[in-house]
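Student: I'm new to this one. Can you walk me through it?

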Amino acid sequence: MKRVVYHRYGGPEVMRFEEFALPAPGAGEVQVAIKAAALNAFDWKVRQGMMKLVLNRRFPKAMGSDLSGIVVAVGPGVADFTAGDAVFGSVDVKRQGAFAEGVVAKAAELIRKPASVSFVQAAALTIPGLTAAVAILDRAKAAPGRRILIYGAIGAVGAAAIQIAQTQGADIVAVGSANSLRQIADRGVRAYAYGDAALAQEPAFDAVFDTVGTLVVGKGLRMLRRGGVFIDINPTPARAARGFITGRYRLAFATMGSKHLPLIASLAEQGLLTVAIAQEAPLHQAIDLIAAAERGTGPRGKTVFLT
Ligand SMILES: NC(=O)c1ccc[n+]([C@@H]2O[C@H](COP(=O)([O-])OP(=O)(O)OC[C@H]3O[C@@H](n4cnc5c(N)ncnc54)[C@H](OP(=O)(O)O)[C@@H]3O)[C@@H](O)[C@H]2O)c1
């Protein structure tokens, strides 16, 4: 079997497409033949070394988190799946390995793929969907009448956040680049371009969710009502330091969201949660396409690798 690996942390040049032997699944694990795997910025940030303090020092390390595929074998204690099940989910950061023909994942990280959801959509949904669910449901507490600003509304997380907030009946205002405003407005959401001064006329918000990490924290905090929260998924030490002293700054991570996997599957099945796919490509092209995305020269939207 083939997979994308790296033998040391670094830039795109450290990636290799190598043969490996897929191990048998251990207790609580599932062996999956991968059909589709979706690229997230997280994947190259891990390869660059962002998580090295929490990862072991063994190399090579496999790349890739979000996947869909078919269960080939289940380990002891796995009751939720049997061979032949179509599944999707995200392999945790300590093992990764979704950019491959097969992977061994924890059963708890996977869920059955609804038949009406394609393997490509299912693979693309997990990290964006879980991150948005944590932000919109757990942090913003979306509900009818609650006002939520989604800053960076056209990316995978931003678009998922709009869709999830809409299912809760929240009052959504979106901010995005000028050339994406029509697409955002097509979702039935009031949209402003980055930097549009007219945004200041909007009444205060119960939650401001910055999906891109470019909204100055102090500015986001000033848009909040009393009791409102600023939600960040791209924290830096400076942003967190500025935010936490206020008591109104909250973080959201995909890893906090596994309890929302059934919701993500259900919304996708109902057609209420989709991700914009920019390109589908065979797995053997993954290294070139990851490098392009990382350099900012890839297409705008999700890249999915097919086996
Ligand atoms: N904390 C966590 O667990 C977590 C989880 C997921 C992501 N993140 C981080 O959050 C950030 C956003 O993630 P993401 O997955 O939403 O990134 P993404 O889909 O690549 O979106 C990033 C930007 O690319 C442009 N773009 C993406 N899709 C587009 C489309 N269909 N049409 C037009 N433009 C599009 C938009 O730029 P403009 O806004 O300039 O138009 C968008 O804001 C990344 O830095 C990522 O690392 C964190």
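Tutor: We'll take the core, then the ligand, then a sheet. Keep in mind that this is a predicted model.

Student: Okay, the core. Which residues touch the most other members of the largest nonpolar core?

Tutor: A123, I136, I148, A161 and F209 do. That core has 95 residues.

Student: Which helix gives the largest share of it?

Tutor: Helix α2, residues 119-139. It supplies 14 residues.

Student: And where does this core lie relative to domain 1 and domain 2?

Tutor: Between them, because both give residues to it. Domain 1 covers 2-113 + 276-306, and domain 2 covers 127-255.

Student: Back to I148. What is I148 in contact with, beyond its neighbours within four places in sequence?

Tutor: Its contacts include I136, A140, A142, F205 and F209. D206 is another one of them.

Student: New topic: the ligand. Which residues come nearest?

Tutor: A41, G155, V157, S177 and R300, out of 25 around the ligand. Helices α1 (41-48), α2 and α3 (156-167) each give two or more residues to that shell.

Student: How many of the shell residues are nonpolar, polar or charged?

Tutor: The shell has 12 nonpolar, 12 polar and 1 charged. Domain 1 and domain 2 each give at least three residues to the shell.

Student: Last bit, the open sheet. What's the strand order?

Tutor: β2-β1-β4, with antiparallel pairing. β2 (15-19) and β4 (61-62) are at the edges with a single partner strand each, so one side of each has no neighbour in the sheet.

Student: How many bridges join β1 and β4?

Tutor: 2 bridges. In one bridge, V5 partners A62 of β4.

Notes
Residues numbered from 1 in each chain as written. Predicted model: local features only at pLDDT ≥ 70, side-chain atom pairs only at ≥ 80, totals over all residues. Core = buried A, V, L, I, M, F, W, Y, C linked by C-beta atoms within 7 Å. Buried ≥ 20, exposed ≤ 12 C-beta atoms within 10 Å, placed from the backbone. Helix = DSSP H or I, 4+ residues; strand = E, 2+ residues; numbered from the N terminus. Domains from an automatic or database assignment. Contact = placed C-beta atoms within 7 Å. Near = placed C-beta within 6 Å. Nonpolar A, V, L, I, M, F, W, Y, C, P; charged D, E, K, R; others polar. Pairing = 2+ DSSP bridges.
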